[in-house]
Amino acid sequence: MKTSKQYQAARPSRLDSIVSAATALQSMVHRHPRRVSAAVLTVLAGSAMTAFGVAPLAALPQAPAPVVTQVSESIQSPELQEQLLQLDGQALSLYRSDVTRSADTVDSLLQRLGVSDAEAAQFIRQDSVASTLLQGRTGKSVKAIVEDGQLKQLVVRGPAAANGDFDTHFTRLTIERDASSRAFRVKQEIAALEASTQLGSGMIRSSLFAAADDAQIPDGVTNQIAEIFGNEIDFRRELRKGDAFSVLYEAHLADGEPVTWGNSHGRVLAARFINKGESHDAVWFQEAGRKGAYFDLNGRSTTRAFLASPLAFSRVTSGFAMRFHPVHKTMRAHLGVDFGAPTGTPVRSVGDGVVTFSGWQNGYGNVVQVEHSGGRSTLYAHLSRIDARRGARIEQGQLIGAVGATGWATGPHLHFEFKLGGKQVDPMQVARASESLQLSPQSLAKFRSMAVSVAQRLDRADALQTAGLQPGSRFE
């Protein structure tokens, strides 16, 4: 039991502790005011949240306990075994498609198609018609219908045998097994290609052909684009990175499927090329009783009397100027234009006319000369092959031979001359200055009405290109 004296001694000690703690707290507040304030706010916020969270819950009425009902029902199990036996009795027919390759044999092609059928392979090898499957051009479309590894039907679609039918027809070869006799029968026929319309767009990164390849546009269509705008744009020197194009063209289908062989395509129906910020438009239109041609959106012809080049797309190796002659080793005037191209590249007439010479001319080798209207003529030299006879009337773009190295030539190229009144002139200048076709007033009104819808489709391709589709894109 503590005495009053002891209590009196303890009181000052506790008081001293409280005073000391208060002094320490005050010192800490002065040293760390922000930390103390944050701690106080945290405590207050926690108290408020606790009050907010607890108070409403306390006021909610108690929910009644859920009623649970248990239901029992017997279910008939399916006869899975019986169903499996029925499926085993059904023949399963599958089909697979592929294209022929240069290294293909009958066995390798059938194996790739999932066909394990020695009888079918032997029939294809021995039958005179069926064996044409792997003959000629590669890339033929092949579709096989297979039942339990055995061939039921094989359909092969490839190019027409005649070159003149290449862009209009295709060959369909059908090999089929008779259901009853199990014998094979084969049928070969020529069918017409179907035309569809494709809209493509591209942007120049390095070259026109690279951009067209990115957009999956056929090379033949790209050649037409270069041809259409060849008199307005020099694709060898004036093309710029960032230039863009859109094109509406005819594509070919065989039995509703895309053509997989060669470069079969139709005509370019409309095109737009933006070069150095300037837009060039061209729309195909044929006036009744006249040749078809390309016109801009206002009806002015972009097709001129002479093409800018006798080759679809090439490079100029020697222009119309003085040069060091590669054979004579002297400086001489080069009175024509040389186009570098591989041997066999097709050469076409730059304008309508009549063949006045077809044969050999000393240093020029194989030569074709064409007389045009207005005292103008063209000459095509060093040909490896001549495809035009003297006296024949030919049209602009018609093939007259192929590039070669005959005569005095150091390598395969085409020497091309343009003469006016018997005197050589610069072919490029003549092509750009040559006359163009004019539409009659009645046809002009019809053309302008059609051009509105065509321009909208080209605008659509431009918009999709600008919206960030791939550098080259194909639509529809």
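# A guided tour of the predicted model

Residues 24 or more positions apart account for 63% of the contacts in the chain with a separation of 6 or more. The structure on screen is a predicted model, and its chain carries 9 helices and 24 strands. Buried residues make up 39% of the 476 residues, and several of the stops below are at such positions.

**First stop: the largest pocket**

Begin by displaying the largest pocket, whose volume is about 1800 Å³. Of the 47 residues that line this pocket, select Gln224, Glu227, Arg348, Gln396 and Gly397, which are the closest to its centre. If you then colour the lining by class, you should find 15 nonpolar, 20 polar and 12 charged residues. Among the elements that each supply at least two residues of the lining are α7 (219–228), β11 (293–295) and β16 (346–348). Which of the elements gives the most to the lining of the largest pocket? That element is α7, with 6 residues, and α7 is therefore what to select next.

**Second stop: helix α7**

Is α7 largely enclosed by the rest of the structure, or largely open? Since 7 of the 10 residues of α7 are buried, the helix is largely enclosed by the rest of the structure. To see this, show the side chains of the buried residues, namely Gly220, Val221, Thr222, Gln224, Ile225, Ala226 and Ile228. Gln224 thus belongs to the buried residues of the helix and also to the residues closest to the centre of the largest pocket. Now bring in the surroundings: what covers the buried residues of α7 includes α6 (208–214), β7 (244–254), β9 (268–275), β10 (278–285) and β11. Keep β7 and β9 displayed, as both return in later stops.

**Third stop: aromatic pairs**

A search of the whole structure finds 9 aromatic pairs. Select Phe229 and Phe273, whose rings form a tilted pair with 6.2 Å from centre to centre and 55° between the planes. This pair links distant parts of the chain, with Phe229 in the loop between α7 and β7 and Phe273 in strand β9, 44 residues apart. Phe229 counts as buried, at 0% relative accessibility, and Phe273 is likewise buried, with a relative accessible area of 0%. Add Phe245 to the selection, and you have a cluster in which ring pairs link Phe229, Phe245 and Phe273.

Move next to Phe306 and Phe418, whose ring centres are 5.0 Å apart and whose planes stand at 85°, so that the pair is edge-to-face. Here too the pair links distant parts of the chain, since Phe306 is in the loop between β11 and β12 (315–318), Phe418 is in strand β22 (residues 413–420), and 112 residues separate them. Phe306 is buried, with a relative accessible area of 3%, while Phe418 counts as buried at 2% relative accessibility.

**Fourth stop: charges over rings**

Two further selections show a charged side chain with an aromatic ring. Lys143 lies over the face of Tyr95, at 4.4 Å from the ring centre. Arg267 lies over the face of Trp284, at 3.9 Å from the ring centre.

**Fifth stop: strand β7**

Return to β7 and select Ala251, which lies in this strand and is buried, with a relative accessible area of 14%. Not counting residues up to four places away in sequence, Ala251 touches Glu194, Ala195, Ser196 and Gln198. If you measure from Ala251 to Leu199, the C-alpha atoms should be 9.7 Å apart in space, although the two residues are 52 apart in sequence.

Leu253 also lies in strand β7. Leaving aside its neighbours within four places in sequence, Leu253 is in contact with Leu193, Glu194, Ser196, Pro258 and Val259. The C-alpha atoms of Leu253 and Glu194 are separated by 4.9 Å, with their positions 59 residues apart along the chain. Glu194 and Ser196 therefore appear in the contacts of Ala251 and in those of Leu253.

**Last stop: Asn366**

Finish by selecting Asn366 in strand β18 (residues 366–371). Is Asn366 buried or exposed? With a relative accessible area of 17%, Asn366 is buried. Its contacts, leaving aside neighbours within four places in sequence, are Gly359, Trp360, Tyr380, Ala381, His382, Leu383, Ser384, Ile386 and Thr406.

Note on methods. Residues are numbered from 1 along each chain as its sequence is written. This is a predicted model: local features need pLDDT of at least 70, side-chain atom pairs count only at pLDDT 80 or more; totals for chains, interfaces and linings use all residues. Side-chain values use heavy atoms; hydrogens and water are left out. On a 1 Å grid over the protein atoms alone, a cavity is a set of points where a 1.4 Å probe fits but cannot get out, and a pocket is an open set with protein on both sides within 12 Å along at least five of seven lines; lining residues have an atom within 4 Å of a point. Grid points are joined across faces, edges and corners, and a volume is the space filled by probe spheres set on the points. Helices (H or I, at least four residues) and strands (E, at least two) are DSSP runs, numbered from the N terminus. Ala, Val, Leu, Ile, Met, Phe, Trp, Tyr, Cys and Pro count as nonpolar, Asp, Glu, Lys and Arg as charged, and the others, Gly among them, as polar. Buried means under 20% relative accessible area, exposed over 50%, partly exposed in between (1.4 Å probe, protein chains only). Contact means heavy atoms within 4.5 Å. Rings of Phe, Tyr and Trp (its six-membered ring) pair if their centres lie within 6.5 Å; planes under 30 degrees apart count as stacked, over 60 as edge-to-face and the rest as tilted. A charge sits over a ring if NZ of Lys or CZ of Arg is within 6 Å of the ring centre and within 35 degrees of the ring normal.
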